[in-house]
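Dear colleague,

Please find the structure below, handed over for your records. My notes on helix packing, the nonpolar core and salt bridges follow.

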Amino acid sequence: MTMAKRDTYTPESLLAVAVKVFNERGYDGTSMEHLSKAAGISKSSIYHHVKSKEELLRLAISRALDELFAVLREPGATEGRAVERLEYVTRRTVEVLIAELPYVTLLLRVRGNTDTERWAMERRREFDHQVAGLLKEAAGDGDLRADVDVRLATRLLFGMINSVVEWYRPERSGAATSDEVADAVVHTAFAGLRTYR
């Protein structure tokens with residue numbers, strides 16, 4: 001007599017599998033069948049944990065967004081000169097991106113095809129707007145070069161940070177640490193933006 005495979009998945013481990021599959025196949029290209037195969041459990045076992053594929057997406061994206069917004073509430077993001085807060089937020093955003101790489105990768109790839117994706121895009125814009133506000137404040141304080149357009153600088157800064165999801169692979173031999181990547185981003189960005197008085 002063979003024993004049926006017992007569902008040993010937790011909501012957290014199921015979410016990790018779903019994020020991996022969403023990132024590999026795209027959210028729209030992923031079915032519950034794909035998720036059940038990847039998890040090695042039945043579709044009904046998945047439904048024991050969540051109501052739908054979209055609920056898995058929302059849980060994953062919420063994890064990334066919650067971590068990013070938490071950075072904005074840390075003392076380094078709320079105290080001191082705007083340029084110092086901006087550097088702090090830039091560093092911590094890179095650190096969160098690396099710590100939560102699959103989740104932030106998924107967040108950055110949503111396209112607005114579902115209610116959850118549209119909600120995520122709105123939250124991303126809200127985060128970007130708050131960081132852009134720090135950049136504008138730092139420019140107003142005279143701590144950023146006057147010859148660099150603030151809107152352009154904002155886009156370039158986010159482009160540099162967000163590109164990390166495309167090339168950073170921590171499992172590779174000799175991969176830079178989270179601190180090394182954050183240091184490089186901060187140094188590269190602010191060496192070109194900051195005025196030193």
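A crossing is called left-handed if the near helix is turned anticlockwise from the far one by less than a right angle, and right-handed if clockwise. By that convention, H6 passes H8 in a left-handed crossing; helices here are DSSP runs (H or I, at least four residues), numbered from the N terminus.

The model is predicted: local features need pLDDT of at least 70 and side-chain atom pairs pLDDT 80 or more, whereas totals for chains, interfaces and linings use all residues. Residues are numbered from 1 along each chain, and side-chain values use heavy atoms, without hydrogens and water.

Helix H6 (residues 82-99) and helix H8 (residues 115-140) pack at about 145°, their axes 8 Å apart (axes are lines fitted to C-alpha atoms over the stretch in contact; angles run from 0 to 180 degrees between N-to-C directions).

The largest nonpolar core (buried Ala, Val, Leu, Ile, Met, Phe, Trp, Tyr and Cys joined through side-chain atoms within 4.5 Å) has 62 residues, of which Phe22, Leu35, Leu56 and Leu97 touch the most other members. H4 gives the most to this core, with 10 residues.

There are 16 salt bridges (a side-chain nitrogen of Lys or Arg within 4 Å of a carboxyl oxygen of Asp or Glu). One of them joins Arg81 and Asp143 at 2.7 Å, N to O. Asp143 counts as buried because its relative accessibility is 6%, while Arg81, at 40%, is partly exposed (buried is under 20%, exposed over 50%, partly exposed in between; 1.4 Å probe, protein chains only).

Yours sincerely

Methods. Helices (H or I, at least four residues) and strands (E, at least two) are DSSP runs, numbered from the N terminus.
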